[in-house]
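Reader: I am new to this structure and would like a close look at one part of it, the space enclosed inside. Could you take me through that part slowly, and then through some of the surroundings that help me find my way?

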Amino acid sequence: MSQASRTGPSGSSTALSESYDTALLDLDGVVYAGGQAINHAVDALRTARDGGMHLAYVTNNALRTPAAVAQHLTEIGVPAEPADVITSAQAVARLVADQLPAGARVLVIGGEGLRVALRERGLEPVESADDDPVAVAQGYGGPDMAWGRFAEASYAINRGLPWFASNTDLTIPSARGIAPGNGAAVEVVRIATGAEPQVAGKPLPPMHRETVLRTGAERPLVIGDRLDTDIEGAFNGGVDSLLVLTGVTDAAQLVAAVPEHRPTYVDADLRGLLTGQPEVTRTDDAYACGGWTASVRGEELVLEGDGDALDGLRALCGAAWTHAGDGSCALDSGKAVARLGL
């Protein structure tokens, strides 16, 4: 089934860790949240790796260096090397370097991960708009980033300098809940300047290019918790994806997804890597998975049956996505989704 015509989650008779050679894993909301490992993530990743699957960690968070991310992963029980980590800082640094001469000064609005990535590409990070930069690079700088940094970016951009952003995720999951992400900070600078940045991170092509160059994956599976970055990025790259429900996306958002936000597979958490995936079957205008059947009646999505809640969600997606076609599902799905308790 082509991704453009996806009308329900796909099935797999074999474990996903056996069907794909490389897992391209998002971090925040997938492997950890607020620095702590998400339930079942460590054991699932260890089992997948021991079975021969290559694990690569692909994150839009530009704050930390690959070495720091790898160390953190190792500390929580997921051994990783810096080369296993691909960040939007690396993607935006390559984008900047492709357009500027070696040694060019770049005003950095962000954290150490962005500075290290720019140096890796032969560029010189600077801290002030008065340090003669020729471009501005912005990435997530953490929750304590000073407001004055946005002013520095605005001064430089208003002088006509090109502006690059690692990513535009409006939110980021944390241990205490959902917090503002780099996209919110980008909006601050956009309001002050009226300018538009060149963006590198998921779901855009520069990030996919960076990932392919660094991993050499031949049969990759993108794994993420966000429809508008992880899943859309997989769609844009023409590769399969697994959505896990451990981050920002809930069941109602998944049911209402537009085509580019519809994952190949959906599961509760990373244990879904270790199993096959059930088929959603269609009989007339009803969609069945496990013990559940979903259908469209008037302006409502109706779910009947019993069993694993995830099977019910998969059946609902089959009915909703088919009905919506190339748009988002506008039907009332509240009662059906609530019944699943997801």
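Author: A cavity, in the sense used here, is a set of grid points where a 1.4 Å probe fits but cannot get out, and its volume is the space filled by probe spheres set on those points. With that in mind, and remembering that this is a predicted model, we can begin with the enclosed space itself. The structure holds one cavity of 30 Å³ or more, and the volume of the largest cavity is about 170 Å³. Its lining is made up of 18 residues, of which Asp28, Asn60, Asn61, Asp169 and Ile172 are the closest to the centre. Two elements, β10 (171-174) and α9 (227-237), each give two or more residues to this lining, and β10 gives the most, with three residues. Sorted by class, the residues of the lining comprise eight that are polar, seven that are charged and three that are nonpolar.

From the cavity we can turn to a helix, α8, which spans residues 205-215. Within this helix, Met207, Glu210, Thr211 and Thr215 are buried. These residues lie on the same side of α8 because they cover an arc of only 105° around the axis. On the other side of the helix, by contrast, Pro205 and Leu213 are exposed. The buried residues of α8 are covered by several elements, among them the strands β1 (22-25), β4 (54-59) and β5 (85-87), together with the helix α4 (88-97). After α8 comes glycine 216, whose phi is positive, with a value near 65°.

A last place to look at is a single residue in a loop, serine 128, which is found between β7 (124-126) and β8 (135-138). Its relative accessibility is 17%, and since buried means under 20%, serine 128 counts as buried. The side chain of serine 128 reaches the backbone nitrogen of aspartate 130 at 2.9 Å, and that side chain also makes a polar contact, at 3.5 Å, with the side chain of glutamate 152. When residues up to four places away in sequence are left out of the count, serine 128 touches Leu107, Pro133 and Glu152, so that Glu152 appears both among these neighbours and as the partner in the polar contact between side chains.

Definitions and conventions. Residues numbered from 1 in each chain as written. Predicted model: local features only at pLDDT ≥ 70, side-chain atom pairs only at ≥ 80, totals over all residues. Heavy atoms only, no water. 1 Å grid on protein atoms, 1.4 Å probe; cavity = no way out; pocket = protein on both sides within 12 Å on 5 of 7 lines; lining within 4 Å. Helix = DSSP H or I, 4+ residues; strand = E, 2+ residues; numbered from the N terminus. Nonpolar A, V, L, I, M, F, W, Y, C, P; charged D, E, K, R; others polar. Buried < 20%, exposed > 50% of the residue type's maximum accessible area, 1.4 Å probe, protein only. Arc of directions from axis to C-beta. Contact = heavy atoms within 4.5 Å. Polar contact = N/O pair within 3.5 Å; in protein donor to acceptor, adjacent residues only side chain to side chain.
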